[in-house]
Amino acid sequence: MRWPVDHRLETRLDLPRRMRRSRKAEWARRLVRENSLSTADLIWPIFICEGEGHSEPIPTMPGVMRHSIDHAVNEAKEAATLGIPALALFPNTPITLRDEMGSEALNPENLICRAIRAIKEAVPDIGIITDVALDPYTSHGHDGLVANGQVLNDESVAVLVKQALVQAQAGADVIAPSDMMDGRVGAIREALDAAGFHDVSIMAYAAKYASAFYGPFRDAVGASSTLKGDKKTYQMDPANAAEALREVELDLAEGADYVMVKPGLPYLDIVTRVKDQFGVPTFAYQVSGEYAMIMAAAERGMLDADKAMLETLLAFKRAGCDGILTYFAPRAARLLKAMG
Ligand code: PBG
């Protein structure tokens, strides 16, 4: 809302505007604070690996581990205790199970499906979001099928639909296609409805950019060494903003319940435009490289990890996010709890 400004008043020297008055003490700052971060805003991405009683560090993501399913269940319990609403699961598929077609993605007994069932049984009240894309399952590391060096669209969508159904059957609450094939949201929605999964939601990676900030994630799911080439024929050009709005519009028309912008911090302008234009539940993914930057700087004593983390998460809220996918989720939740 805009109030008429009386410029004569503003220029009177005996009445200077004193913006600092509302910053003079913590109580005063709290009174005028426009945005806030709460645990309810956090989605925690977790990496799953084979084995039992096993957790292994990811060198490019200090403080983040891959967990065997039993350990992931413990993490889910911890998340529930902290009040984190939902987890996003990503598999590190054993290299021997990866092939040209990403067939393991369709195996109802794959790592992700077993993890969904185990977490649902132990922690029924936490939301489970699963990733639809083939890159953790393919020998070439692409999110779809490849022929003659091209990533195929419609043939990939057919497989992604099956992958989504397998995840829904295992108990996933939210299907999150991160593949950026055209038409996949509509195809997945149709197939879910036809199979009776009306209540399974779709969180579309609607504006997902071809970004250098995914590097550590590719290490985490073991796709760095497999990936041949880049993803620029399907992920968006970082130079484009209007195109992001078209992507979001299409995914909404195809039935997306939530839309996501990814990466996060370098793309907050996109978040704001999406939220302003569509007013739908809008999420952003603070991706692995964003996490790694803060942690690496903190490890070298260059900045305070907790303060930097909370500041970035609040910035997502200010930009218009309803929630943030972040590897900082448990750390932020613990801090928020301690701060009351
Ligand atoms: C792939 C996928 C990626 C991420 C989530 N899903 C990487 C990519 O597109 O190569 C990145 C997440 C992160 O960097 O934290 N389907």
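## Exercises on salt bridges, a ligand and the backbone

In this predicted model, Asp257 and Arg189 form a salt bridge, with 3.9 Å between the closest N and O atoms.

**Exercise 1. Work out which parts of the chain the Asp257–Arg189 pair ties together, and say whether each partner is buried or partly exposed.**

Step 1: place the residues. Asp257 sits in the loop between α8 (242–253) and β10 (258–262), while Arg189 belongs to helix α6 (residues 184–194), so the pair links parts that are 68 residues apart in sequence.

Step 2: check the accessibility. Asp257 comes out at a relative accessible area of 34%, so it is partly exposed. Arg189 has 12%, and since buried means under 20%, Arg189 is buried.

**Exercise 2. Do the same job for Glu50 and Arg114, starting from the distance between their closest N and O atoms.**

Step 1: get the distance. The closest N and O atoms of this salt bridge are 2.7 Å apart.

Step 2: locate the ends. Glu50 is in the loop between β1 (42–48) and β2 (55–57), and Arg114 is in helix α4 (residues 111–122), so this bridge connects parts 64 residues apart in sequence.

Step 3: look at the exposure. Glu50 is partly exposed at 32% relative accessibility, and Arg114 is partly exposed at 28%.

**Exercise 3. Find which residues are joined with Arg33 into one salt-bridge network, and how many salt bridges there are by this rule.**

Step 1: start with one pair. Arg33 bridges to Glu26, with the closest N and O atoms 3.7 Å apart. Arg33 is partly exposed at 45% relative accessible area, and Glu26 is partly exposed at 40%.

Step 2: follow the shared partners. Salt bridges with partners in common put Glu26, Arg29 and Arg33 into one network.

Step 3: take the total. The count is 16 salt bridges.

**Exercise 4. Describe how the ligand is held: which residues are closest, which polar side chains meet its N and O atoms, and how much of its area the protein covers?**

Step 1: list the neighbours. The ligand is surrounded by 17 residues, of which the closest are Ser178, Arg218, Lys262, Ser288 and Tyr327.

Step 2: pick out polar contacts. For a ligand nitrogen, look at Asp135, where an N or O atom of the side chain is 3.0 Å away. On the oxygen side, a ligand oxygen is 2.6 Å from a side-chain N or O atom of Arg218, and a polar side-chain atom of Gln235 is 2.8 Å from an oxygen of the ligand.

Step 3: check the cover. On its own the ligand has 400 Å² of accessible area, and the protein covers 100% of that.

Step 4: name the space. The ligand takes up the largest cavity.

**Exercise 5. Go through the backbone and say where the cis peptide bond is, and which loops hold Asn148 and Met180.**

Step 1: look at omega. The peptide bond joining Lys262 and Pro263 is cis, with omega about -10°. Pro263 is in the loop between β10 and α9 (268–278).

Step 2: look at phi. Asn148 has a positive phi near 50° although it isn't glycine, and its place is the loop between β6 (146–147) and β7 (150–151). Met180, another non-glycine residue with a positive phi, is near 65° and lies in the loop between β8 (174–177) and α6.

Step 3: compare their surroundings. Asn148 is exposed at 80% relative accessibility, whereas Met180 is buried at 5%.

Conventions
Residues are numbered from 1 along each chain as its sequence is written. This is a predicted model: local features need pLDDT of at least 70, side-chain atom pairs count only at pLDDT 80 or more; totals for chains, interfaces and linings use all residues. Side-chain values use heavy atoms; hydrogens and water are left out. A salt bridge is a side-chain nitrogen of Lys or Arg within 4 Å of a carboxyl oxygen of Asp or Glu. Buried means under 20% relative accessible area, exposed over 50%, partly exposed in between (1.4 Å probe, protein chains only). Helices (H or I, at least four residues) and strands (E, at least two) are DSSP runs, numbered from the N terminus. A residue is near a molecule or strand if one of its heavy atoms lies within 4 Å of it. A polar contact is a pair of N or O atoms within 3.5 Å; within protein, one must be able to donate a hydrogen and the other to accept it, and residues adjacent in sequence count only if both atoms are side-chain atoms. Accessible areas come from the Shrake-Rupley method with a 1.4 Å probe; for residues, only the protein chains shown count as cover. On a 1 Å grid over the protein atoms alone, a cavity is a set of points where a 1.4 Å probe fits but cannot get out, and a pocket is an open set with protein on both sides within 12 Å along at least five of seven lines; lining residues have an atom within 4 Å of a point. A molecule sits in a cavity or pocket if more than half of its atoms lie within 2 Å of its grid points.
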